[in-house]
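Me: Please take a close look at one part of this predicted model. I should like an account of the loop that holds a cis proline, followed by its surroundings in the fold.

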Amino acid sequence: MSIASGLRIIDALRAHGHSVTAVDPVSGVVDAGAEDKLRRAGMGTAPPPMAQLARMARASLAPVMMLPAVREADVVFIGLHGGQGEDGTIQAMLDAAGVSYTGSGHLASALAMDKDLSKALFRAAGVATADWMMAPPSPDAGAVERKLGWPVVVKPSKQGSTVGLTVVREPRGLAAAIDEAARYDDEVMIERFVPGRELTVGVLGSEALAVGEIIPKHEIYDYECKYTAGMAREEFPARLSPADTAAVRQLSLKAFAALKLSGYARIDFRMPAGGEFFCLEANTLPGMTELSLIPQSAAACGVSFDELCERIVRLAVHEGGKT
């Protein structure tokens, strides 16, 4: 998905007259031939294999920071998802090098990636989020039932794209779900499942964009539904009352501020039948593919994809140093 987003961003920025060099954070500068090969490869509909994720997690980003294409750039447009691209690592290295970049700073990126910390900050800011607990060393289905009830969502605490996520409906499925999530992270979150409508709001600078509703083919908006055409339907703007639309947009800005985010982000919510909004998470580097949500949120406000990318770059230049 990072590659698909990156290639689309490259095209948009070039259309605006920018000189753009593609850089892979592991292998370095991507020349025209390699870029064409990546375009032909397309995008997978399943999460990357564990071995690939492990290699990416261990890879040192130091060599790529020494490249002239990075150190001499006016702005680095970060098109990465998850891992060191989204957890504040590359942001901190760019800060140290004095290079401007898109999206949130290293501290905000780390806070948003850590779901345990971000949920605590949401609540402190008055943004409702589902009850949760961190998985103990030995799974205790009784403790989960007493605190959260069933069903629950079990997921890595510091991952994205629903990688390693399982909906557990009864005690006997808990241990396997925790084991699956633990393959992707050293901390596992167990969260009360909130049934209802899935909503998303793009935030650009200080502006909440259009509210969208995601209607997936599966029970949850999983990796396949996110990145496979036809596996989910998105409605922008969502069919909400004016009052509900205003409320969830305001909550998205409160969540954005609670984590000290900057530039742009996507804030996701669940809306149960009672009408209250529960914040699921903030995505600091949301997908920018043809199927992605923040481009649709912007388009519903009359902002084309090319203009969205241009505005993200301008925000990066304007905001300069980040935390």
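Reply: Pro237 lies in the loop that runs between strand E9 (232-235) and helix H13 (242-258). The peptide bond leading into Pro237 from Phe236 is cis, with omega near -5°. Most peptide bonds are trans. A cis peptide bond also joins Trp150 and Pro151, where omega is about 0°. Pro151 belongs to the loop between helix H10 (141-147) and strand E4 (152-156).

Helix H13 is followed by a loop that leads to strand E10 (264-271), and Lys260 is placed in this loop between H13 and E10. Lys260 has a positive phi of about 60°, although it is not a glycine. Most residues other than glycine have a negative phi. Lys260 counts as exposed because its relative accessible area is 54%, over the 50% cut-off.

As for the interior, the largest nonpolar core has 28 residues, and those touching the most other members are Phe77, Leu94, Tyr264, Met288, Leu308 and Cys309. Among the elements that give two or more residues to this core are helix H1 (2-15), helix H7 (89-97) and helix H15 (305-319). H15 supplies the largest share, six residues. Beyond its neighbours within four places in sequence, Cys309 is in contact with Ile9, Ala12, Leu13, Phe77 and Met288. A second, separate core of 24 residues includes Ala108, Val201, Ala255 and Ala265.

The protein as a whole has 15 helices and 11 strands, and 49% of its 323 residues count as buried.

Conventions:
Residues numbered from 1 in each chain as written. Predicted model: local features only at pLDDT ≥ 70, side-chain atom pairs only at ≥ 80, totals over all residues. Heavy atoms only, no water. Helix = DSSP H or I, 4+ residues; strand = E, 2+ residues; numbered from the N terminus. Buried < 20%, exposed > 50% of the residue type's maximum accessible area, 1.4 Å probe, protein only. Core = buried A, V, L, I, M, F, W, Y, C linked by side-chain atoms within 4.5 Å. Contact = heavy atoms within 4.5 Å.
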